[in-house]
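Visitor: I'd like a close look at a single part of this structure: how two helices in it pack against each other. Please take it slowly, and then show me what surrounds that part.

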Amino acid sequence: MEKISQSVVKKDHATKVSGRSVYVADYPSEGVLCGKMLHAKVARAKVLSVEVPELPEGYFYVDASDVPGDNNVNIVLDDTPVYCRETVEYIGEPIAMLCGPDEKVVEQLRDACKVEYEELEPVIDLRTATEAFFDYRFGHGDVDKAFAEADKVYDEEFETGYQEQAYLETQGMMAEPEEGGRMFVHGSVQCAYYVHGAVMRALGCGPTGVHILQDVTGGGFGGKEAFPSILGCQVAVAAHKCQKPVRCVFDRREDMEYTSKRHPSLCRYKVAVKDGRVTAMDIDVIFNAGAYSTLSAVVLQRGIIAAPGIYNVPNLRVHGSAMKTNTSPCGAYRGFGAPQTFFAVEMMMDHIARDLGVDSLAFKEAHLVKQGDPTSTCGKYHFPVPIPAMIDEVDRACDYRKKRALYAKPQTGRYRRGIGMSMYFHGAGFTGSGERDLIKAVAKLRKYKDGTVEILASNGEIGQGVRTTFPKIVANELNLPLDKVYYDHPDTARVPDSGPTVASRSLMVVGELLRRAAIKLREQWVDGEEQEVEEHFKEPDFMIPFYIDKFEGDAYPTYAWAVNAIEVEIDTYTGVGKILGAYGSFDVGTPIDYNVVMGQMEGGFLQGIGYASIEKMDYDAKGRIRNNSFSDYLIPTTKDVPNMQCMLHVEKYPDGPYGAKGAGELPLVGAPGAYVEAVEQALGGVTLNHAPFTAEDTLAVITKEAI
Amino acid sequence: MADIRFTLNGKEVAYGGSATDRLLEVLRNEYRCTSVKCGCKEGECGACSVLIDGTLLNSCCVAMGAVEGARVVTMEGFRETERFAALDKAFGELSAVQCGFCIPGMVLAAEALLSKNAHPTEDEIREGLSGNLCRCTGYNAIVNAVANAAKEGNGLW
Amino acid sequence: MVNGYVAASLKEALEIRAAHDVVPYAGGTDLMVENRKGVEYLFLSKVPELKQIAVDDEYVRIGAAVTFTEALASADVPRLMKEAASRIAAPAIRNAGTFGGNLGNGSAKADSVLIEFVADAKLRLVSKKGERIVDVDKFYLGRKKLDLADDELIAEILLPKQGLEQYSYEKVGGRNALAISRVSFAGVFAAEGGRITNVAAAFGAVADTVLRYKDIEATLLGKTVDEAKALKEDYLKAYADRMVLTRGRVSAEYRKTVCMNLLRDFLTKFGI
């Protein structure tokens with residue numbers, strides 16, 4: 001193992017394990033007002049009036065009329081309001097915040113508010129939605145000709161549900177007015193500068209009028225990418241009005257019901273096959289964006305770019321749309337649109353293979369992309385595609401091919417087994433030219449007189465280990481012991497904007513900036529002096545420029561790759577699927593700390609398995625999310641996947657630090673394809689088209705097919 | 001009215017509030033034991049786990065009246081022990097801590113398990129920690145860390 | 001203390017119960033989730049009479065404030081009850097949750113109550129005025145509906161000492177731990193001299209109360225296994241016709257199919 005990969009005790013280990021870390025809810029309450037949100041109770045309505053009970057002294061009611069700047073939250077577009085406008089667009093939309101010193105009193109006041117609605121017809125069902133926030137088309141080749149000449153055409157629809165991030169720490173933000181009128185906002189966030197931009201706009205002040213600190217953050221997984229910008233604005237406006245610190249921490253039900261989650265999807269695949277090969281795909285991807293657009297544009301982009309999977313499809317047509325419905329706005333969640341389309345394409349390939357009488361693995365192998373091949377957007381796979389070797393690694397770990405053949409034979413009895421495999425990539429970093437045109441990351445190193453070096457960047461530690469891996473890179477280049485290099489939680493008052501903590505980019509993009517900065521500092525190093533160096537993002541030379549209007553060029557500089565296999569045993573009496581084993585080979589380039597990377601792989605893989613199997617969330621006919629607690633929305637426990645084996649395959653990326661690529665999202669993406677394929681096999685080769693595939697779904701198939 | 005008396009991390013304390021108050025909230029607000037995390041308030045996540053008379057309980061599901069006369073231990077107290085040191089080391093070596101929110105409860109669950117069963121099998125560890133949700137790690141590192149602590153900390157439990 | 005009473009003996013507990021409008025509090029795991037406002041609790045976890053597991057000629061007597069963890073450590077508690085108790089939630093909940101509380105919460109999902117139904121358990125209810133012994137199915141009438149007077153407490157669960165050796169137990173939850181039952185099933189079988197003496201079947205988490213149909217069971221009593229086999233399909237059909245299930249976290253259809261599969265499996269397991 002390379003030296004940089006050798007594990008160290010994480011920098012934040014000691015404070016976290018001993019319970020000394022201070023999360024936003026942990027600051028003392030003295031002098032801090034507690035904020036509680038008044039949420040809309042109907043999916044779409046005009047808010048005619050709000051009757052607010054008489055407020056005791058020191059208690060406040062804060063709504064859109066209190067926003068000193070602009071009542072629009074700066075995300076991708078600005079349609080999300082800080083507090084609702086004349087209408088509410090989903091159940092849970094924030095109408096106002098009640099603030100005061102005593103939490104129980106605030107709750108009572110909030111509950112006593114009477115909102116008068118004029119109800120409007122909501123759009124609840126994605127299939128009936130007509131308003132597209134975003135609508136994209138791209139493709140290449142002659143799709144119509146390929147379909148005309150096909151031996152056979154396949155046409156299937158795939159559906160995926162919500163997934164809730166279920167970070168253990170709920171959303172929470174706090175705003176504190178400072179002397180001189182500056183607003184200090186801090187809390188559980190992934191992207192301090194996103195919140196900075198949003199709060200500036202809401203307060204109508206310049207960049208020095210606010211600063212944002214990331215507190216210790218109890219998990220993000222995408223859920224704290226954009227949502228904290230909204231909550232940050234809400235507490236900042238409240239603190240501005242009350243002229244006191246205001247903190248709002250969501251309870252679990254609020255968090256599950258009203259904050260962003262993974263987009264439900266409907267994907268329709270039409271596939272032309274000639275001479276046993278896929279010649280064309282015509283793909284229609286629909287995401288349920290919810291009531292406001294938030295991050296749906298970029299989530300959809302990533303989803304549709306991945307739509308043909310990791311297969312060569314000579315003729316391709318992709319249409320994607322993110323539809324407005326009157327439900328909670330969906331947003332970022334680890335994988336960012338790709339888990340939905342990878343599920344669809346993996347199942348599609350599996351179904352075609354079965355129809356052609358060949359095994360799905362062999363069929364997929366015959367279509368695999370390789371180095372030099374074009375991508376779906378006519379970019380290029382510039383680097384080796386290690387999937388064949390990774391398939392072999394997984395096969396060795398679980399005897400995949402043998403079990404696949406064995407379980408294909410007719411089974412009898414109560415318990416039946418199946419095994420399935422998925423293969424996929426995760427495009428590392430922002431989609432398209434985002435890094436170059438939008439983010440323009442800057443990172444700094446500051447050396448103090450005593451020789452310690454501080455990393456100045458805006459990427460937040462959310463459990464993924466950047467407070468450890470960033471210093472490891474810098475210490476390595478400077479030949480310093482690790483304790484001489486440190487990285488604190490970012491405060492926008494003192495760190496440059498190195499971009500958000502998203503898109504599996506922090507280590508690959510910012511880590512490389514820091515590596516280069518460290519080399520610069522090493523070359524300029526003068527003992528006993530305070531010194532500072534800075535590095536700016538530069539796009540790698542090899543990239544084919546990406547044009548988002550045409551979806552053409554290199555959407556990503558490189559890709560992280562994975563192969564997953566999942567083995568299940570289905571109880572045909574109850575439909576319950578027992579996971580006998582889950583195996584993943586992951587290529588994220590050089591691991592900057594083996595344990596940290598394995599922690600990401602294992603954690604992400606388990607989230608993916610949850611998404612595939614038990615994590616079901618749905619809303620009722622009124623648009624109210626029913627699964628709003630940890631007893632109704634089930635995530636895996638220690639006992640659900642005891643046999644999970646992750647392996648690392650290293651295909652180095654020359655432009656990442658020591659060969660590292662994006663890692664965080666990859667492990668989640670492919671589990672649904674592998675899991676549902678395994679369930680199909682256990683049920684004797686049925687065709688299944690949605691995820692999660694629950695025990696209830698399984699039993700329905702068993703009953704219907706008389707299995 | 002008489003206060004509710006109990007020992008908190010070895011210190012005798014008296015609580016004058018309502019017997020129906022949640023131990024979780026009292027620990028956090030009144031005694032500033034902020035290692036005790038609120039994840040759900042429904043006994044479904046384990047982030048608020050504490051030891052009461054040596055037994056693992058979810059402090060969100062304990063009313064103050066029930067702790068009258070009891071010994072309550074939170075991470076603020078447990079972190080001063082040798083057993084903690086062994087768990088700390090094992091968790092650190094395997095990087096079993098990611099976001100950290102579940103960890104104080106998880107470590108107390110490990111303590112409760114090991115104090116009853118000093119040499120648990122993997123299945124027993126998974127059972128012992130099954131009420132403590134972690135969304136970050138996939139649990140493998142945590143389970144292995146507890147196994148290592150049991151091995152290395154031989155004699156402590 | 002404010003809003004609460006801690007009883008040190010059963011006598012004291014019953015006096016408080018009679019004199020005040022209190023909510024009996026044993027383990028707290030359900031009550032604290034419910035989080036009722038403006039109530040006073042009567043804390044029972046230190047009442048020695050409610051903490052015992054005793055055995056007499058006929059019954060294993062489990063005190064209402066005995067926790068599931070305590071029951072799992074007892075050599076006297078029947079294996080069937082232990083199996084159900086071991087599947088409840090997770091250690092911290094089993095450390096707090098009690099048999100009395102599981103009953104008192106009035107939910108058909110209560111895992112220990114299912115076993116009490118299938119075992120024909122009795123409950124000893126006590127008040128200042130005296131005590132009465134009731135059959136569990138006469139006590140447990142529906143969702144949050146219990147035959148418990150305002151001055152009464154559940155003192156003990158009386159589980160038959162014998163006859164629970166041959167059983168089927170299945171809990172279908174949403175995952176392998178921390179799972180609330182979506183369907184639970186317990187069946188108890190006994191035969192003497194080649195004749196079926198007991199073929200009890202109970203279904204939990206599928207309706208407002210635990211379901212058990214003794215009249216249908218009776219059709220197999222006194223029969224040989226072979227005779228029962230011949231009646232099997234009629235017997236199953238009788239259940240299928242009778243069971244009207246409610247939807248919850250899963251659909252009524254799902255519950256019905258699972259119940260019928262598990263019932264059939266139970267019969268098959270004992271040769272029927």
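Guide: Let's start with a term: a helix axis here is a line fitted to C-alpha atoms over the stretch in contact, and the angle between two axes, from 0 to 180 degrees, is taken between their N-to-C directions. Keep in mind that this is a predicted model.

Two packed helices are described by the angle between their axes and the distance between the axes. Our pair sits in chain A: helix α8, residues 338–356, and helix α17, residues 671–682. Their axes are 8 Å apart and meet at an angle of about 35°. As for handedness, the crossing of α8(A) with α17(A) is right-handed. On the α8(A) side, the residues making the contact are A:P339, A:F342, A:F343, A:E346, A:M347 and A:D350. Facing them from α17(A) are A:P672, A:G673, A:V676 and A:E677. Sort that contact by class and you get 6 nonpolar, 1 polar and 3 charged residues. While you have the numbering in view, here's a handy rule: an α-helix has 3.6 residues a turn, so residues three or four places apart point the same way.

Now zoom out to the rest of chain A. The domain assignment splits the chain into domain 1 (29–122 + 181–246), domain 2 (265–431 + 553–704) and domain 3 (434–536). Take domains 1 and 2 of chain A: their C-alpha centres lie 36 Å apart. Where those two meet, 19 residues of domain 1 are in contact with 20 residues of domain 2. The domain 1 side of that contact holds 10 nonpolar, 4 polar and 5 charged residues.

A few single residues of chain A are worth a stop too. Most residues other than glycine have a negative phi, and most peptide bonds are trans. A:Y658 goes against the phi habit: it isn't a glycine, yet its phi is positive, near 55°. You'll find A:Y658 in the loop between β23 (644–648) and α16 (666–669) of chain A. Is A:Y658 buried or exposed? It has 21 C-beta neighbours inside 10 Å, so it counts as buried, the cut-off for that being 20 or more. Then there's the peptide bond from A:A691 to A:P692, which is cis, with omega near 0°. A:P692 sits in the loop between β24 (690–691) and α18 (695–704) of chain A.

Further back along chain A, have a look at A:Q108 in helix α2, residues 103–112. A:Q108 is partly exposed, with 14 other C-beta atoms within 10 Å. Although A:Q108 and A:P53 are 55 residues apart in sequence, they lie 9.7 Å apart in space, C-alpha to C-alpha.

Chain A has company, of course. Its contact with chain B takes 41 residues from chain A and 42 from chain B. On the chain A side, α1 (13–17) and α15 (594–613) each supply at least two residues. The largest share, 7 residues, comes from α15(A). By class, that side of chain A has 16 nonpolar, 17 polar and 8 charged residues.

Chain A also touches chain C, in a contact that takes 16 residues from chain C and 15 from chain A. Helix α11 of chain C, residues 252–269, gives the largest share of the chain C side, 6 residues. That chain C side divides into 8 nonpolar, 5 polar and 3 charged residues.

Since we've arrived at chain C, here's one more helix to set beside our pair. Helix α1 of chain C, residues 10–19, has four buried residues to look for: C:A13, C:L14, C:I16 and C:R17. Seen down the axis of α1(C), they fall within an arc of 160°, so they line one face of the helix. What do these buried residues pack against? Four strands of chain C: β1 (4–6), β3 (41–43), β6 (122–127) and β10 (153–160). And in the segment before β1 of chain C comes C:N3, another residue that isn't a glycine but has a positive phi, about 60°. C:N3 is partly exposed, with 18 other C-beta atoms within 10 Å.

Notes. Residues numbered from 1 in each chain as written. Chains lettered and ligands numbered in written order. Predicted model: local features only at pLDDT ≥ 70, side-chain atom pairs only at ≥ 80, totals over all residues. Buried ≥ 20, exposed ≤ 12 C-beta atoms within 10 Å, placed from the backbone. Arc of directions from axis to C-beta. Contact = placed C-beta atoms within 7 Å. Nonpolar A, V, L, I, M, F, W, Y, C, P; charged D, E, K, R; others polar. Left-handed = near helix turned anticlockwise from the far one by under 90°. Domains from an automatic or database assignment.
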